[in-house]
Amino acid sequence: MPSNLLNQESTAMMVDGFSGRTCESEGQWNHIKKFLERSGPFTHPDFEPSTESLQFMLETCKILVIGAGGLGCELLKDLALSGFRNIQVVDMDTIDVSNLNRQFLFRPKDVGRPKANVAADFINNRIPGCCVVPHFKKIQDFDETFYRQFHIIVCGLDSVIARRWMNGMLLSLLVYEDGVLNPGSIIPLIDGGTEGFKGNARVILPGMSACIDCTLELYPPQVNFPMCTIASMPRVPEHCVEYVRMLLWPKEKPFGDGVVLDGDDPEHIQWVYQRSLERAAEFNITGVTYRLTQGVVKRIIPAVASTNAVIAAACATEVFKIASSAYIPLNNYMVFNDVDGLYTYTFEAERKENCSACSQVPLDLNFSPCSKLQEVLDYFTDSASLQMKSPAITATVEGKNKTLYLQSVASIEQRTRPNLSKTLKELGLSDGQELAVADVTTPQTMLFRLCFTT
């Protein structure tokens, strides 16, 4: 069955199964057996119908869902009704009133509680035999041992940084033997994303297919307001929030030197909200709310429940295909748009030979010896193929490991800031020198090779 038709049929069965009727345990998985215990014209060429695939899904296969928001709630429901009973979910957020219109696993009584915990309890109570284990943490709080236990990982995130970090973690788990990738070390990543009435689903086989960083150009650029408007002529509430975010926060340092504004920290958002109200009052601008403030700081695009449902169904279908080997997986990127009518398209995103995340060799940095370290830093943050957030740069100089610049720790940032105005030659760097760069977008340290130009 083609993937789009399979999505429709699977989704219809899932919704019916989630209507609240008590399932008889004897026939609970009859709808799944139809796909796994008989062949058909659209099954995988190597597929052999059996009962073993269902048993693997029910008893052995371990799925990790990243995110328990709009996409995550749909994913958990779809996966649990597709026969996956060993599921874990990671989410660092708590439930807000604004979530209730589309994140259907939550109720008003749940406001303030961790999303992961509430979502897990709901699924476990509703679907017999399902065991969802919640983790109210950041994905960065777990090490390689945690991620290595899963057969498939599914992302329902609203953050490109988190996606890139997860992508980097799975790449770090790959094992190469004499330069050849060991297929047993590959953990497939199914990634879904939505933006209003638009969405996408993709299948990533780390080390084999295009990774997140291979296709960074596909992610929409952030909307930036002109600085002159923000500073002197604000006209809309968003301008007031941006003024506080970009100008007041670094100037007043409300939570101490070097503290980066965290869109998930209620105290940070409350401070920005209050200052934004004051700014708006100066220019007789209305419409500044806590929710708007958080949306501007986190670059949140309003979510649409129907888009979440479609993309989650597509992602869950790909998980089912990979776990059962019954159908050929998506190859490898599907876009969805129902702004004007309905449009969907599938294409193969190709790997980049010089991808900073999945290539096996250090990338070349072409700079003059007279270039300043600030220029290198700007390249890391402004390059469309890198898009780093706060890179820390180190190098081995005269046999010693030297931190050239580090922004995240205030005391070290202050000590290394003078290096930004020095040339690469003045810093003791040479042609062919390797720079080690760490950033919040990846758990791995990336290596770059300096190639001096004349």
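This report walks through the fold, a cavity, the cysteines and some backbone details of the chain shown above.

The model is predicted, so to read it well, note that local features need pLDDT of at least 70 and side-chain atom pairs count only at pLDDT 80 or more, while totals for chains, interfaces and linings use all residues. Residues are numbered from 1 along each chain as its sequence is written, and side-chain values use heavy atoms, with hydrogens and water left out.

## Overall build

Let's start with the whole chain. The protein chain holds 14 helices and 15 strands; here helices (H or I, at least four residues) and strands (E, at least two) are DSSP runs, numbered from the N terminus. Its C-alpha trace spans about 75 × 65 × 40 Å along the principal axes. The radius of gyration is 24 Å, which agrees with the value near 22 Å that a compact globule of 454 residues would have. That radius is taken over C-alpha atoms, and the globule rule is 2.2 Å times the number of residues to the power 0.38.

Of the 454 residues, 47% count as buried. Buried means under 20% relative accessible area, exposed means over 50%, and partly exposed lies in between (1.4 Å probe, protein chains only). Among contacts with a separation of 6 or more, 64% join residues 24 or more positions apart; a contact means heavy atoms within 4.5 Å.

## The second largest cavity

How many cavities of 30 Å³ or more are there? The count comes to two. A cavity is a set of points, on a 1 Å grid over the protein atoms alone, where a 1.4 Å probe fits but cannot get out, and its lining residues have an atom within 4 Å of a point. Grid points are joined across faces, edges and corners, and the volume is the space filled by probe spheres set on the points.

The second largest cavity has a volume of about 40 Å³. Its lining is made of Arg 164, Asn 167, Gly 168, Asp 213, Ala 357, Thr 441, Thr 442 and Met 446. Helix α7 (residues 160–172) gives the most to this lining, with three residues. By type, the lining divides into two nonpolar, four polar and two charged residues. For that split, Ala, Val, Leu, Ile, Met, Phe, Trp, Tyr, Cys and Pro count as nonpolar, Asp, Glu, Lys and Arg as charged, and the others, Gly among them, as polar.

## Cysteines

A disulfide is a covalent bond between the sulfur atoms of two cysteines. In this model it is scored as a pair of cysteine sulfur atoms within 2.5 Å, and the structure holds zero of them. Cys 61 is in no disulfide, and the nearest cysteine sulfur, that of Cys 130, is 12 Å away. Cys 61 is buried, with a relative accessible area of 0%. Cys 358 is in no disulfide either, although the sulfur of Cys 214, the nearest one, is 3.5 Å away. Cys 358 is buried too, at 3% relative accessible area.

## Helix α11 and backbone details

In helix α11 (residues 290–298), the buried residues are Leu 292, Thr 293, Gly 295, Val 296 and Val 297. Their cover includes α9 (237–252) and α10 (266–282).

Here are three residues with a positive phi.

| Residue | Phi | Place |
|---|---|---|
| Lys 253 | about 45 degrees | loop between α9 and α10 |
| Asn 284 | about 55 degrees | loop between α10 and α11 |
| Arg 299 | about 60 degrees | just after α11 |

Lys 253 is partly exposed, with a relative accessible area of 41%, whereas Asn 284 is exposed at 71%. One more backbone detail is the peptide bond from Asn 331 to Asn 332, which is cis with omega near -15 degrees. Asn 332 lies in the loop between α12 (305–324) and β9 (333–337).

## Two residues and their surroundings

Gly 258 sits in the loop between α9 and α10 and is partly exposed at 40% relative accessibility. Leaving aside neighbours within four places in sequence, Gly 258 is in contact with Ser 408 and Ala 410. Its C-alpha is 9.8 Å from that of Ile 412, 154 residues apart in sequence.

Leu 189 belongs to strand β7 (residues 189–195) and is buried, with a relative accessible area of 1%. Beyond neighbours within four places in sequence, the contacts of Leu 189 include Ile 153, Cys 155, Leu 170 and Pro 206.

Technical notes:
On a 1 Å grid over the protein atoms alone, a cavity is a set of points where a 1.4 Å probe fits but cannot get out, and a pocket is an open set with protein on both sides within 12 Å along at least five of seven lines; lining residues have an atom within 4 Å of a point.
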